[in-house]
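Hi everyone, thanks for coming along. I have one structure to show you today, so let me put it on the screen and then we can walk through it together.

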Amino acid sequence: MSDQIVENPTYMEHIRHFFEDIDLDHMSQKGIDLSTYESLKANSTDVFFQTLPPNANMPPSDERKWSKKRSDTFKNWIRNGHPFGSPKLQSLKPSQAGRIRKDARNLLEGEIDKLTLAFSELMKRDTDDPDSYFALAGMHWYPLPFKCKHHEDRYNPWHRAYLEKFENALRSVDGCEDVTLPYWDITSPPPEFLFKEPFDSYTLPIDIHANYKAGYKTQRFSANDIETNVQSARISDTITHAMNQPVWGDFVSYTNQGIESAHDAGHGACGPTLSNTDAASFDPIFWFFHSNWDRLWWEWQQIMSATTLWTFRSTIKGNTEFLEPPFNDLDPFSRTADKTIDLNSMGIGYELQSDLEEADPQALARSGFGSLIAGQGILVNQMTQASVRLKGIDRLKIPGSFKAILKSNGELVGQRTFFQSTEPRDCESCQMKAKVNLDFPVDINAIAGKELTVEIKVLTPNPDVGPRMPLHAIGNPTLNVRMLLQEK
Ligand SMILES: [Cu+2]
């Protein structure tokens with residue numbers, strides 16, 4: 001970080017980099033958290049005086065004492081009202097990790113053979129074997145007594161640990177010690193090999209639930225249909241939007257255009273099995289699909305300089321409690337948050353896509369979502385976007401994943417998928433988040449002066465409710481329209 005006075009510093013671009021892990025560690029042991037925006041803001045005057053040259057107390061070691069220029073920059077930040085700002089986006093670099101997960105499109109024939117062997121052997125293992133395909137897939141939902149790790153902060157971390165566990169099992173097969181789990185970039189058609197044995201389907205050897213008995217064979221749409229569904233769900237736009245959010249809560253959001261909303265839409269796009277939490281992880285494509293969400297999270301962490309626990313915390317505007325040890329009481333979390341947040345510490349990395357190596361992340365346009373600081377002024381674009389929020393959906397009344405369809409004078413203007421079990425009432429974490437909101441980004445011209453209507457389609461056929469849920473049966477959700485504003 002070059003040492004000069006910055007007149008208008010922001011937290012994300014400048015201030016958070018003034019603190020090193022060792023200092024953050026040290027201060028947190030004293031019960032003072034300086035690693036998040038809110039906590040630093042609350043302590044900013046103290047920090048200013050403690051670090052003020054020439055007789056500063058902090059940081060304790062001489063080499064890390066703040067210069068006068070840095071101190072002045074910090075003072076400017078306080079004076080300007082602690083602006084949050086956006087980070088200087090970092091470009092992606094090839095990973096040095098030992099385990100590189102490749103883009104599934106780039107696998108060599110020998111690599112597909114080895115992966116085939118690893119999957120086949122896992123599928124042959126006895127269902128009692130904790131490293132069998134059955135037992136591993138069964139950890140996601142049925143048949144285990146589950147605790148849902150979806151639609152909350154631990155969604156990404158839990159799945160990261162889960163993928164590692166699955167990959168370790170693949171590598172436990174003789175001759176497959178160097179196998180890694182490739183990722184399927186959902187914005188491109190699924191690679192052909194995923195439609196051949198053993199990747200095309202899995203048949204349950206024993207019952208996992210009344211609806212999923214021994215002999216149930218996983219079902220998936222054709223590659224063409226998946227491609228079409230991904231396009232009509234605008235998953236690529238959602239991913240781009242999510243990747244440009246500097247705040248963790250905006251990145252991970254399922255309500256708005258965050259990564260979990262892209263994930264939910266992706267589940268719905270792939271087929272009957274993947275569309276439903278109950279058995280999704282038994283379809284082998286699940287693993288390639290999820291490797292991709294983990295890759296995107298890791299890329300986001302790199303772009304935002306948030307690859308370690310401390311730097312990751314600087315992106316969190318809300319509650320950080322989910323990171324406290326024990327990070328998670330649910331298998332496969334045995335590790336603390338720092339190890340899961342930092343993929344490097346797990347020795348895992350992702351192959352860069354060739355078109356990304358040259359990419360300039362600054363060129364990714366910031367979109368106009370997120371909250372703006374009124375004091376800084378806002379711009380209302382002429383060709384503006386609006387966001388329609390379907391608010392207060394009682395999802396516990398809906399048996400399984402569902403699609404919310406937004407129509408304007410009877411014409412489709414948006415669709416959103418929400419991924420859940422057919423029995424969400426069984427899950428404690430789903431019960432705690434019984435009411436959910438879904439946002440639809442729309443062009444204002446497509447809705448102005450027109451009648452907006454909503455339909456809720458159940459993705460897993462259910463004889464009790466039929467294909468559509470009446471809105472009065474799901475808590476009469478409301479529709480709200482917001483204009484999307486941009487920072488001046
Ligand atoms: Cu998933």
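I'll begin with how far to trust the model, then go through the core, two helices, a sheet and a few unusual backbone spots.

First of all, please keep in mind that this is a predicted model. The protein chain has an average pLDDT of 88, and 89% of the residues score at least 70. There is a stretch to treat with care, though: over residues 356-372 the pLDDT stays under 50. For that stretch, the model has 30 contacts beyond four places in sequence.

Now to the inside. Which residues have the most contacts within the largest nonpolar core? They are Phe166, Ile259, Ile285 and Phe288, in a core of 85 residues. Helix α12, residues 285-303, gives this core its largest share, 11 residues. And where does the core sit? It lies between domain 1 (15-79) and domain 2 (99-363), because both of them give residues to it. There is also a second, separate core of 15 residues, and Leu390, Ile398, Phe418 and Phe419 are among them. As general background, nonpolar side chains tend to be buried together in soluble globular proteins.

Let's stay with α12 for a moment. Of its 19 residues, 17 are buried, so this helix is largely enclosed by the rest of the structure. Its length works out nicely too: at 1.5 Å a residue, α12 should span 27 Å, and its end C-alpha atoms are indeed 27 Å apart. Just after the helix comes Ser305, with a positive phi of about 55 degrees.

The other helix I'd like you to look at is α11, residues 259-270. How many of its residues are buried? The count is 12 of 12, so to speak the full helix, and α11 is mostly covered. Among those buried residues are Glu260, His263, Asp264 and His267, along with Ile259 and Cys270. For its 12 residues, the expected span at 1.5 Å a residue is 16 Å, and the ends are 17 Å apart between C-alpha atoms, which agrees. After α11 comes Gly271, whose phi is positive, near 150 degrees.

Ile259 deserves another look, as we already met it in the core. Setting aside residues up to four places away in sequence, Ile259 touches Ala242, Phe251, Val252, Trp293, Leu296 and Trp297.

Here is another buried residue, this time in helix α5 (residues 109-124): Leu115. Why does Leu115 count as buried? Because it has 22 C-beta neighbours inside 10 Å, and the cut-off for buried is 20 or more. Leu115 and Cys176 are 61 residues apart in sequence, yet their C-alpha atoms are 7.6 Å apart in space.

For contrast, look at Asp3, in the segment before α1 (21-29). Asp3 has 10 C-beta neighbours inside 10 Å and counts as exposed. Still, beyond its neighbours within four places in sequence, Asp3 is in contact with Ser67, Lys69 and Arg70. The C-alpha atoms of Asp3 and Lys68 are separated by 9.3 Å, with their positions 65 residues apart along the chain.

On to the sheet. Four strands make an open sheet in the order β6-β5-β8-β9, with antiparallel pairing. Which strands are at the edges? Those are β6 (411-418) and β9 (468-469), each pairing on one side only. Strand β8, residues 452-458, pairs with β9 over two bridges, and Ile456 stands opposite Met469 in β9.

Finally, the unusual backbone spots. Most residues other than glycine have a negative phi, and most peptide bonds are trans. Here, the peptide bond from Pro53 to Pro54 is cis, with omega near 5 degrees, and Pro54 is in the loop between α3 (44-51) and α4 (68-79). Glu197 and Pro198 are also joined by a cis peptide bond, with omega about -5 degrees. Pro198 is in the loop between α7 (155-171) and α8 (223-232).

As for positive phi, His82 has a value near 55 degrees and is found in the loop between α4 and β1 (99-101). His82 is partly exposed, with 19 other C-beta atoms within 10 Å. Asn476 has a positive phi of about 45 degrees and lies in the loop between β9 and β10 (478-483). With 11 C-beta neighbours inside 10 Å, Asn476 counts as exposed.

That's my tour, and thank you for listening!

Notes: Residues numbered from 1 in each chain as written. Predicted model: local features only at pLDDT ≥ 70, side-chain atom pairs only at ≥ 80, totals over all residues. pLDDT = per-residue confidence, 0-100. Contact = placed C-beta atoms within 7 Å. Expected span 1.5 Å × (residues − 1). Core = buried A, V, L, I, M, F, W, Y, C linked by C-beta atoms within 7 Å. Domains from an automatic or database assignment. Pairing = 2+ DSSP bridges.
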